[in-house]
Amino acid sequence: MTIDGDMLEKILGCDQLPTLPAVALRVIEQTSDANIRIEELARTIEHDQALSAKILKTVNSSFYGLRQRCATIHKAIVMLGLSPVKSLALGFSLVQSVGSDASGGFPFRQYWRRGLHAAVGAKIIAGHVRLDDPDECFIAGLLQDIGMVAMHRALGDSYLRVLELSAGVHGDLLKHELAHFTRGHNEIGAMLGQRWKLPSQLIMPIRYHERPGAAPLDHIELVRCVALANMVTDTIDAERPGDAMRRLYGRASEWFKIGEDDCERLLGEIAVASKEMAGLFRLDCGPFSDPKEILERAEDRIIELQQEEPRESVASERWEALLADPGDNDPITGVLGRIGFDEALVRTFGAAREEDRPISLIQVAVDGLTEATRQGGNIIGDRIAIAITATLNSHFEPHGGIVCRIGSSIFSVILPGVDRALATKTAVEFAERFTSIRRRLVPEALRSAELHISVGLASAEGANDAVFPEPKRLSAASARAARAARDAGGDCVRAFVPRAAA
């Protein structure tokens, strides 16, 4: 079935399509006026007593964290501003209009689960990256898939068959829609939004949430917030979330410079807040996973993928091409071995001197790996080495780090262009992550073989350049710092600070 002009009019003119209540349409109209008076907007919302009560209950929840309770809509607007109250009014109106009755075959539980995660996630992400209006992101996330409901109500069983083809994988839905109807829910939803006279900042995420790269530049950050929140949803709902987590890490870093630790913290906040908002909106979104369990499953999957196909870091691949013997890779982890490390260090050290840039070197000594290998065999030892490599790559690759395995239990990371402050911060983050996952790396039967790491670093930068006239001195200094970390009891980071620079 091709949705041509006549069919499109039939869909958009269908009397079963969702329609926003009059109060919501009035709120949209009033808030589009820059000179709107708070009293006038408050009266509009308070005229609908049920809506008013829902908004007040929500703004007084922990999600908004107000220090004093709001007893009136007027006070809520004064304390929070127009935008949060507007987004809640539209949100509750949308839920009322669309409903959640799955008797017609439409998967409302999954629909609202995705929408609520996206709404909460987009708002939290927008707040983290300090966008102008996080609450616009909330309602944009809730509205993004409204075209699915419109297509189902207008096309009936034809659309349900397309939903079945996607087998619950939302990422596959658009291609099936285009194959069967030549139009997708994103386009239909955007047209419905125009009929509702929604502002462009809400229509653009509906139109481009599936393909954020195509969004107009003046709306791209809002669209990316919604798209990134959808990746959070994919991570939360996946049985094996490692692949989804990798995509989330990559886009979060590319779009908003959000690091992995912040990404995981945001995921936890979103999971907790979504559960709370589901109760406030009275939506059946199914069970909510514990954020800690989600991260553990993602970590395990990433390790599995690394075991199946060891992956070099991008930086390692780049420098390997310059080595005299590019075949010197550790056969287990795939990263540079001892000879490759020595040559890469010489080259990066020389380049740093020529370009007057800092260079840092990190050494990680793993105690317990040899004992775990002795007790469990090479399979266990290899698994642990691969997991350590994957964790090192995830922390240091964004900074151009070249991860190397220079001994069975010793790893080094070359960090061209990275000063001591950044190297220390990233090393501490790595040590904290390793401490949180190390128990899962060793089988229960081998728990007597405890893993501990000692992390040392040294940096050649600015005034201390004379202390490191050659790369061997830098290497020796990082090894000395690692020994100091071990002498301090392990599971910590120590930095070599030359006396001249102290």
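**Exercise 1. Decide whether Q363 counts as buried or exposed in this predicted model, and describe its surroundings.**

Step 1. The relative accessibility of Q363 is 10%, and the cut-off for a buried residue is under 20%, so Q363 counts as buried.

Step 2. Q363 lies in strand β1, and it stands opposite S412 in β3.

Step 3. Leaving aside residues up to four places away in sequence, Q363 touches I406, I410, F411, S412, S454, V455, G456, S478, A479 and A482.

**Exercise 2. Work out how strand β3 pairs with β1 and with β2, and state how far β3 is covered.**

Step 1. Strand β1, residues 359-367, pairs with β3 in the antiparallel sense over seven bridges.

Step 2. Strand β2, residues 402-407, pairs with β3 in the antiparallel sense over five bridges, and here R405 stands opposite F411 in β3.

Step 3. The connection between β2 and β3 is a hairpin, with two residues between the strands.

Step 4. Strand β3, residues 410-416, is mostly covered, since six of its seven residues are buried.

**Exercise 3. Explain why helix α8 is described as largely enclosed by the rest of the structure, and identify what its buried residues pack against.**

Step 1. Helix α8 spans residues 134-143, and because ten of its ten residues are buried, the helix is largely enclosed by the rest of the structure.

Step 2. The buried residues of α8 include D135 and E136, as well as F138, I139 and L142.

Step 3. These buried residues of α8 pack against α6 (82-98), α7, α9 (146-155), α13 (200-208), α14 and α16 (260-280).

**Exercise 4. Place H117 in its helix, classify it as buried or exposed, and list what it touches.**

Step 1. H117 has its place in helix α7.

Step 2. With a relative accessibility of 1%, H117 counts as buried.

Step 3. When residues up to four places away in sequence are not counted, the residues that H117 touches are A229, T233, I236, I270, S274 and F288.

**Exercise 5. Characterise the largest pocket by its volume, the residues closest to its centre, the helices that supply its lining and the composition of that lining.**

Step 1. The volume of the largest pocket is about 870 Å³, and of the 26 residues that line it, R114, V169, H170, G171 and D234 are the closest to its centre.

Step 2. At least two lining residues are supplied by each of α7 (108-128), α10 (157-166), α11 (170-181), α14 (220-237) and α15 (242-256).

Step 3. Helix α14 provides the largest share of the lining, namely six residues.

Step 4. By residue class, the lining divides into twelve nonpolar, eight polar and six charged residues.

**Exercise 6. Determine which residues have the most contacts inside the largest nonpolar core, and set this core within the chain as a whole.**

Step 1. The largest nonpolar core has 104 residues, and those with the most contacts inside it are I55 and W112. Apart from this core lies another, of 31 residues, among them I384, F396, A427 and I453.

Step 2. Not counting residues up to four places away in sequence, I55 touches I45, I73, V85, L88, A89 and F92.

Step 3. For the chain, which has 23 helices and five strands, buried residues make up 54% of the 502 residues.

Step 4. Of the contacts in the chain between residues at least 6 apart in sequence, 68% join residues at least 24 apart.

Terms used: Residues numbered from 1 in each chain as written. Predicted model: local features only at pLDDT ≥ 70, side-chain atom pairs only at ≥ 80, totals over all residues. Heavy atoms only, no water. 1 Å grid on protein atoms, 1.4 Å probe; cavity = no way out; pocket = protein on both sides within 12 Å on 5 of 7 lines; lining within 4 Å. Points joined across faces, edges and corners; volume = space filled by probe spheres on them. Helix = DSSP H or I, 4+ residues; strand = E, 2+ residues; numbered from the N terminus. Nonpolar A, V, L, I, M, F, W, Y, C, P; charged D, E, K, R; others polar. Core = buried A, V, L, I, M, F, W, Y, C linked by side-chain atoms within 4.5 Å. Buried < 20%, exposed > 50% of the residue type's maximum accessible area, 1.4 Å probe, protein only. Contact = heavy atoms within 4.5 Å. Pairing = 2+ DSSP bridges.
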